[in-house]
Amino acid sequence: MTLKYYHAEPLANSLKSMLPLFEKGLAFESIYVNLHRFEQHQPWFVAINPEGQVPVLDHDGLIVTHTTVINEYLEDAFPELPPLRPNTPAGNARMRYWNKFVDEHVMNFVSIHGWHRMVGIIARNIESGEFEKLLESIPLHEQREKWRTARSGFSEADLANATRKIEVAVDKVEALLGESEWLAGDMYTLADINFYSHCGMMVERMFPEMEIATRCPRLVDWRERVTARPATQQALAMPDHTAPGLRTWSGAR
Ligand SMILES: N[C@@H](CCC(=O)N[C@@H](CS)C(=O)NCC(=O)O)C(=O)O
C-alpha cells in the first residue's frame with residue numbers, strides 16, 4: 001500500500017488533509033508542490049490534478065482531490081485506524097454541518113485576506129506579459145480571476161465583507177464551544193481539523209484588531225488543545241519554503 005500526498009506549506013488546505021494522515025499514523029510520501037513557482041499549474045502536476053490545485057492524495061494510484069473529500073476518504077479507507085468521525089448518524093451530521101460551514105462560509109473569506117496580503121505581492125512582482133502567460137496556464141476559471149484580482153488588489157468592499165464573515169464564524173464557534181468540547185461534540189473530528197486549518201490557527205495573527213483573546217477565550221483554549229496534539233506538531237514541523245518576508249500571515253510557527 002502506498003500513499004503519496006502532494007501539498008504545499010502546512011497551512012490551509014495542505015494542512016487540512018495532512019493532519020488526518022498524522023493522526024492516523026499513516027506512512028506517506030510527501031511531495032512538495034511549490035506554489036510560489038506555480039508548480040501547481042505545470043503539466044506534470046495538472047496531469048495528476050486537472051484543476052491545478054493542492055493538496056492531492058494518491059492511494060495506490062487512486063487520485064483523490066478536495067480536502068473534505070480526502071479526509072472522509074481516509075476515514076472510509078482505513079476504518080481500523082483511530083477515527084476522526086463520530087460514526088453515528090447524528091454525530092456525522094453535526095460534523096458535516098461544520099465542515100460545510102467552514103468550506104462555504106470561512107475558507108474563501110480567510111483566503112481573500114491571505115491572497116490580498118501574500119499572493120498580491122507575488123502577482124504584482126510579475127511583469128505583465130509574463131503574468132498573462134501565467135494566467136493562461138491556470139486551469140480553473142475562478143482561480144484565474146482570483147490571480148487577476150490579487151494583482152490589481154481586492155476591493156475594500158470585498159475585504160470588509162470577508163472580515164465580517166470571519167467575525168460571524170469566530171463568534172459562532174465561540175458560542176458552540178460553550179456547549180461542547182469539540183465542534184462536533186465530545187470527540188476531536190474532521191470539523192475541528194477544518195476550522196483549525198483555515199481559521200483557528202491564524203485568526204489572531206491575521207486579525208489582531210478582532211482581539212480574539214478577549215472576544216473568544218474558548219476558541220483560544222480550543223486552538224491550543226489542537227496545536228498541542230502530537231499530530232498537529234508533526235504537521236506544523238513540515239518544511240516551510242515560503243520566503244521569510246511572506247510568512248507574516250501564515251500559521252502558528
Ligand atoms: N476545494 C479545494 C481547494 C484547494 C485550494 O484552494 N488549494 C490552494 C492551496 S490552499 C491552491 O492550490 N492554490 C494555488 C492555486 O489555485 O493556484 C480543496 O479543498 O482541496
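# Close-up views of a predicted model

**View 1. Helix 1, from end to end.** Helix 1 is built from twelve residues. From its first C-alpha to its last, the helix reaches 17 Å. That is close to the 16 Å expected at 1.5 Å a residue. Keep in mind that this is a predicted model. Just after helix 1 comes Gly25. The phi of Gly25 is positive, near 65°.

**View 2. The surroundings of helix 1.** Is helix 1 mostly covered or mostly open? Helix 1 is mostly covered, with twelve of its twelve residues buried. Among the buried residues are Leu15, Met18, Leu19, Leu21 and Phe22. The list also includes Asn13, Lys16 and Glu23. What do these buried residues pack against? Two of the partners are strands: strand 1 (3–7) and strand 3 (56–59). Helix 3, helix 8 (190–200) and helix 12 (230–236) are partners as well.

**View 3. Two domains and their contact.** The domain assignment splits out domain 1 (3–77) and domain 2 (89–229). Their centres, taken over C-alpha atoms, are separated by 19 Å. How many residues of each domain are in contact with the other? On the domain 1 side there are 14, and on the domain 2 side there are 13. Helix 1 (12–23) and helix 3 (67–77) each supply at least two residues of the domain 1 side. Helix 1 gives the largest share of that side, five residues. Sorted by class, the domain 1 side holds seven nonpolar, five polar and two charged residues.

**View 4. The largest nonpolar core.** This core has 52 residues. Which of them touch the most other members? They are Val106, Ile166, Val170 and Phe195. Helix 4 (residues 89–124) gives the most to the core, with eight residues. Both domains take part: the core draws at least three residues from each of domain 1 (3–77) and domain 2 (89–229).

**View 5. Phe195 and its contacts.** Here the focus is one member of the core, Phe195. Leave out residues up to four places away in sequence, and Phe195 touches Trp98, Val102, Val106, Val173, Leu183 and Gly200. One of these, Val106, is also among the core residues that touch the most other members.

**View 6. Ile212 in helix 10.** Ile212 is found in helix 10, which covers residues 212–215. Why does Ile212 count as buried? Because Ile212 has 20 C-beta neighbours inside 10 Å, and the cut-off for a buried residue is 20 or more. Which residues does Ile212 touch, not counting those up to four places away in sequence? The contacts are Val170, Val203, Glu204, Leu219 and Val220. Ala235 lies 23 residues from Ile212 along the chain. The C-alpha atoms of Ile212 and Ala235 are separated by 24 Å.

**View 7. Stepping back to the chain.** The secondary structure comes to twelve helices and four strands. Along its principal axes, the C-alpha trace spans about 55 × 45 × 30 Å. A compact globule of 253 residues would have a radius of gyration near 18 Å, and the chain agrees, with 18 Å. Of the 253 residues, 35% count as buried. Now take the contacts with a separation of 6 or more. Residues 24 or more positions apart account for 72% of them.

How values were computed. Residues are numbered from 1 along each chain as its sequence is written. This is a predicted model: local features need pLDDT of at least 70, side-chain atom pairs count only at pLDDT 80 or more; totals for chains, interfaces and linings use all residues. A nonpolar core is a set of buried Ala, Val, Leu, Ile, Met, Phe, Trp, Tyr and Cys residues joined through C-beta atoms within 7 Å. Domain bounds come from an automatic or database domain assignment. Two residues are in contact if their C-beta atoms, placed from the backbone, lie within 7 Å. Ala, Val, Leu, Ile, Met, Phe, Trp, Tyr, Cys and Pro count as nonpolar, Asp, Glu, Lys and Arg as charged, and the others, Gly among them, as polar. The radius of gyration is taken over C-alpha atoms; the globule rule is 2.2 Å times the number of residues to the power 0.38. The expected span of a helix is 1.5 Å times one less than its number of residues.
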